[in-house]
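User: Can you walk me through this model? I'd like the ligand site and then a few odd spots.

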Amino acid sequence: MQIIIFGSPGVGKGTQAKIIALKFNIPHISTGDILREAINDQSELGNKAKEIVERGELVPDDIMGEIVKDTLHNEKCRNGFILDGYPRTVAQARILDNILNNLNKNKTHLIKLDADDDVIVKRLSNRLVCKKCGNIIVNHELKENSKCKVCGSENSYIKRKDDEEEVIRRRLKVYHETTAQVISYYKDKLHIHEVDGTLPIEKVTEQIIFQLKMN
Ligand code: AMP
């Protein structure tokens with residue numbers, strides 16, 4: 001099963017993608033996670049992407065295309081994948097079409113999670129992320145630098161640089177500017193499953209699974 005999960009930053013794409021990946025036994029490919037890992041490792045890719053990601057802007061399409069091509073050609077994606085954070089531009093959507101054609105993978109589902117910008121800003125500016133395992137909490141649950149409640153590492157929770165309100169607003173602006181074009185690119189090609197991202201996590205999952213099974 002090939003799935004693209006789409007939606008504004010902070011709408012819950014990552015959370016849902018992880019659940020759906022487990023449910024269908026397919027890998028969760030998050031281009032944001034790949035870039036953050038590269039930035040942490042200070043790899044060549046990470047050094048190129050660092051400032052762009054921290055400003056909340058988009059990494060160039062050619063760089064992203066190479067990352068996605070390498071990842072989707074990997075054996076672990078043989079039975080499908082859930083792609084989170086890609087494509088974000090029409091050029092990326094075209095690159096993805098080519099990659100999937102070459103791999104002979106034709107039926108792809110597109111899930112679009114929706115939520116108002118104000119809900120997103122409130123959610124993201126209140127969240128902390130474990131720098132080791134990626135666990136996400138809301139910051140009144142535990143303080144910055146607390147021990148991670150999932151992987152147990154010390155001093156783990158941080159506020160992501162791109163979760164500052166100003167950066168979130170810029171990420172949302174970039175999302176709205178580019179998303180409409182990507183969605184209209186896909187309108188005649190794929191069935192788009194639209195799901196309300198403001199519902200409780202389990203309800204969102206339920207709706208996604210229902211829609212995937214119906215189509
Ligand atoms: P995300 O975690 O998906 O919100 O991604 C975090 C940041 O990584 C984005 O704000 C971009 O700077 C960068 N990024 C992730 N995916 C892409 C992509 N497909 N194209 C360009 N930049 C990306």
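Analyst: The ligand site comes up before the cysteines and the backbone oddities. This is a predicted model, where local features need pLDDT of at least 70, side-chain atom pairs count only at pLDDT 80 or more, and totals for chains, interfaces and linings use all residues. Residues are numbered from 1 along each chain as its sequence is written, and side-chain values use heavy atoms, with hydrogens and water left out.

User: How many residues surround the ligand, and which are the closest?
Analyst: There are 16 around the ligand, and the closest are T31, E57, G85, R88 and Q92. Being near means that one of a residue's heavy atoms lies within 4 Å.

User: Which polar atoms of the ligand does T31 approach?
Analyst: A polar side-chain atom of T31 sits 2.8 Å from a nitrogen atom of the ligand. R88 also has a polar side-chain atom 2.8 Å from a ligand nitrogen atom. In R36, a side-chain N or O atom is 3.0 Å from an oxygen atom of the ligand. The protein covers 96% of the 480 Å² of accessible area that the ligand has on its own. Such areas come from the Shrake-Rupley method with a 1.4 Å probe; for residues, only the protein chains shown count as cover.

User: Which element gives the largest share of the shell?
Analyst: Helix α2 (residues 31-41), with four residues. Helices (H or I, at least four residues) and strands (E, at least two) are DSSP runs, numbered from the N terminus.

User: What is the shell like by class?
Analyst: Six residues are nonpolar, four polar and six charged. Here Ala, Val, Leu, Ile, Met, Phe, Trp, Tyr, Cys and Pro count as nonpolar, Asp, Glu, Lys and Arg as charged, and the others, Gly among them, as polar.

User: Back to Q92. Is Q92 buried or exposed?
Analyst: Q92 is buried, at 2% relative accessible area. Buried means under 20%, exposed over 50%, and partly exposed in between (1.4 Å probe, protein chains only). Q92 belongs to helix α5 (residues 90-102).

User: What is Q92 in contact with, sequence neighbours aside?
Analyst: Beyond neighbours within four places in sequence, Q92 is in contact with V59, D61, M64, Y86 and P87. Contact means heavy atoms within 4.5 Å.

User: What kind of peptide bond joins Y86 and P87?
Analyst: A cis one, with omega at about 0°. P87 is in the loop between β3 (81-84) and α5.

User: New topic. How many disulfides does the structure hold?
Analyst: Zero. A disulfide is a pair of cysteine sulfur atoms within 2.5 Å.

User: Why is there no bond between C130 and C148?
Analyst: The sulfur of C130 is 3.7 Å from the closest cysteine sulfur, in C148, so the two are too far apart for a bond. C130 is buried at 2% relative accessibility, and C148 is buried at 4%.

User: Which residues have a positive phi without being glycine?
Analyst: N104 is one, with phi about 60°. N145 is another, with phi about 70°.

User: Where do N104 and N145 sit?
Analyst: N104 is in the loop between α5 and β4 (108-114). N104 is exposed, at 65% relative accessibility. N145 lies in the loop between β6 (136-138) and β7 (157-158). N145 is partly exposed, at 44%.

User: Last one. Where is Q2 found?
Analyst: In strand β1 (residues 2-7). Q2 is buried, with 9% relative accessible area.

Technical notes: Polar contact = N/O pair within 3.5 Å; in protein donor to acceptor, adjacent residues only side chain to side chain.
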